[in-house]
There are 2 protein chains.
Amino acid sequence: MTRGTSGAVGVTAASGFRAAGVVAGLKNSGKPDVAVVVNDGPLQSAAGVFTANRVKAAPVIWTQQCLAKPDAATSQMRAVVLNSGGANACTGAQGFADTRETAEHAAELLDCDPTRVGVCSTGLIGTPLPMDLLLPGVDAALANLSPDGGSAAAHAIMTTDTHAKTAVARTGLVTTGGMAKGAGMLAPELATMLSVITTDAIADSATLARTLSRAAELSFNRVDSDGCMSTNDTVLLLASGASGHELTEPQLLDAVTEVAQDLALQLIGDAEGAGKEIRIEVIGAESEGDAVAAARGVARSNLFKCAVHGEDPNWGRILSAVGTTDARFDPNRIDVAVNGVWVCRGGGVGEDRNLVDMSGREVHVLIDLHNGNASATVWTNDLTADYVHENSAYSS
Amino acid sequence: MTRGTSGAVGVTAASGFRAAGVVAGLKNSGKPDVAVVVNDGPLQSAAGVFTANRVKAAPVIWTQQCLAKPDAATSQMRAVVLNSGGANACTGAQGFADTRETAEHAAELLDCDPTRVGVCSTGLIGTPLPMDLLLPGVDAALANLSPDGGSAAAHAIMTTDTHAKTAVARTGLVTTGGMAKGAGMLAPELATMLSVITTDAIADSATLARTLSRAAELSFNRVDSDGCMSTNDTVLLLASGASGHELTEPQLLDAVTEVAQDLALQLIGDAEGAGKEIRIEVIGAESEGDAVAAARGVARSNLFKCAVHGEDPNWGRILSAVGTTDARFDPNRIDVAVNGVWVCRGGGVGEDRNLVDMSGREVHVLIDLHNGNASATVWTNDLTADYVHENSAYSS
């Protein structure tokens, strides 16, 4: 993996894309808050995955509709407008009208159909967007589009992120890159996970949809910092075909997964209030679904997450969390290692827990269900007093 | 509801029962740690509900088997032995042998079949019970049985509880009482919820099983302080028939539910590290299941629980949590009130959030799904830095 360097960062690492990030005044801090990513083609293939929350923000509903027209297999996307400083969630009919107006405004300047403009928003929910600031921001971003704009765009979508998140993967002559923001719902006010991934491979939208679905499953869907799910989560994959080269579908999947996993791990690494990054690896499962269920069960146990914060290799809390899932296993055969020490063998006491060193920032939990050959990994964070402090501050 | 007074407290409030609590030395603190409850009849009807965790402690497996012999409808229980200071969970074959030996030991002294002796344990998991201390403790408890022993028994099952928990309900000439321990999994090392409820009503085991199942659903299953589930959770219901009176099944259900709810709310009130007790009431649901699902989704949202800690009436986090459940509702019709102020109307901004007073210890969240006539209430706690501190201390 090559992190993008100046001039070829994130969403503009792939050829055929321009981007910009500007200050529109949505954030009180005066930091950049509006980004635009434009696909100059020749292709405008696109696919998206969205929050499973049934309370969806207006931009999620809009962008889902765009990608369904005429159908997901042939959907096209010319541009994406993203803003921080306001989620436009729980804002009713006015919120949807504001999103549509944003897309229409950009579409007019780009001379394309409004349904070819995706919209993503992140920030406080329940508050209307200040359109008198947002639309001039879109104008400014479109006026500043550049093939070097990937870094500026990545900065403009940050909320409580401490740094911009970009990644690049190269596959022969094809480049795939992306940006993301969010801290896995660890931040105040439902900080959203947004990501745009671009590739200059030749690919149609149906291929992108299959690829993004699986890549997201192996990356963004396997980071779970606090089990909460935003109203705005969106990941978009755009292909320009500007490299003139096609990848095999497995090659494309590898490239997109590499970028998505890199971004997802940057999210976990930047999760607010977290002191540890925890990799929960389940092996010996009957199915991948079982492995994910068991790992996610552990990732969502507050008791386990507190124990990791206290550097306590508490395998009892791990077993108890696995036991609450529907993953198939025999409680008398499960083994658990923490940072390489098998503290639990056969569902009971294993090696000396005092041998476990949890002083580093990275913690590896390995769970062997002894029930098959499938495996999966889920990443999470510890639960800390800082998390509580950051999420209990009065929101307004 | 009448709380038991001296001489008629908890499990010995109902006639036909004796109990004791003694110091066996299982706890390093030297506090009482072994309790016995004996049913002197004339009936020995019994029923139980147990943790749904598939990692079950030896005493859970034993007691479930006892109540299944010959079948749940005719099962009989002469006594229950309970110990704190060790959960006997994840202890393998030796752990089960220890539980059986405990039951056999008590059965010999009580001159009954060992399968008529239930066993409950709570404390650290993954550590064998010191049988050389436990069995003499059972002897001492049986030697100290008293119709006034309810308070001593309630004290002997405490782990991190700050006070003993008992309750009594009277229905004409019938008395129903109970004791409980645990802090809803909020305590270090999977502190377990244990409860024994006794009644002197005439009732068979089949009736008790139906009654306990529904009463637990309306009480213990609706308190959810941190979403974690113990390996040892057990609730037992014993009937002596000593009052000579029978209740109608609805009357019995009312009495048992009253005691169980009283105990469950005492658990929430004593949850470690918690600063607030939160009552999440869902109305307008299509089914009771939908109402419970929506309320539980909110109760398990760390972001929401942090907001309550910060006295922030953050309805966005509430909507987002409801949106992650499978409860049926229209996101554009949901209303949410916090302590009487409808801060969310029709899925958007409602009354002024500054009108909400959350300074008290009790917080009431009322959610109207506008989708039917069913309702349910789930109780939980806020998420605090104290919770993290208490659960991240090194366990040994």
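Biologist: In what order do the 5 strands of the open sheet in chain A stand?

Modeller: In this predicted model, 5 strands of chain A form an open sheet with mixed pairing. Strand 3 (45-50) and strand 6 (165-171) of chain A are its edge strands, each pairing on one side only, and neighbouring strands are turned by 10° against each other on average when direction is ignored. Read across the sheet, the order is 3-9-8-7-6.

Biologist: Which residue is the bridge partner of A:Thr198 in strand 9 of chain A?

Modeller: Strand 8 (residues 194-199) and strand 9 (residues 234-239) of chain A pair in the parallel sense, over 6 bridges. Within strand 9 of chain A, the residue bridged to A:Thr198 is A:Leu238.

Biologist: At about what angle to strand 3 of chain A does helix 5 run?

Modeller: Strand 3 and strand 9 of chain A are crossed by helix 1 (residues 58-67), which runs at about 140° to strand 3 of chain A. Helix 5 (residues 205-217) of chain A also lies across strand 3 and strand 9, and its angle to strand 3 of chain A is about 30°.

Biologist: Why is one side of strand 13 and of strand 15 of chain A left without a neighbour in the sheet?

Modeller: These strands belong to an open sheet of 6 strands in chain A, ordered 13-12-11-14-10-15 and mixed in its pairing. Strand 13 (348-349) and strand 15 (374-381) of chain A stand at the edges, so one side of each lacks a neighbour because each has a single partner strand.

Biologist: Which residue in strand 14 of chain A stands opposite A:Val282?

Modeller: Strand 10 (residues 277-285) and strand 14 (residues 362-368) of chain A are paired in the parallel sense over 7 bridges. Opposite A:Val282, the residue in strand 14 of chain A is A:Ile367.

Biologist: Which strands of chain A does helix 8 touch?

Modeller: Helix 6 (residues 249-269) of chain A lies across strand 10 and strand 15, running at about 40° to strand 15 of chain A. Helix 8 (residues 302-309) of chain A packs on the sheet, with its direction at about 125° to that of strand 10, and the strands of chain A that it touches are strand 10, strand 14 and strand 15.

Biologist: How many disulfides does the structure hold over all chains?

Modeller: For A:Cys112, the nearest cysteine sulfur is that of A:Cys66, 9.8 Å away, and for A:Cys120, which is buried at 1% relative accessibility, the nearest cysteine sulfur is likewise that of A:Cys66, 10 Å away. A disulfide requires sulfur atoms within 2.5 Å, and neither A:Cys112 nor A:Cys120 is in one. Over all chains, the number of disulfides is 0.

How values were computed. Residues are numbered from 1 along each chain as its sequence is written. Chains are lettered from A and ligands numbered from 1 in the order in which they are written. This is a predicted model: local features need pLDDT of at least 70, side-chain atom pairs count only at pLDDT 80 or more; totals for chains, interfaces and linings use all residues. Side-chain values use heavy atoms; hydrogens and water are left out. Buried means under 20% relative accessible area, exposed over 50%, partly exposed in between (1.4 Å probe, protein chains only). Two strands pair if DSSP finds at least two bridges between them. Helices (H or I, at least four residues) and strands (E, at least two) are DSSP runs, numbered from the N terminus. Contact means heavy atoms within 4.5 Å. Axes are lines fitted to C-alpha atoms, for helices over the stretch in contact, and angles run from 0 to 180 degrees between N-to-C directions.
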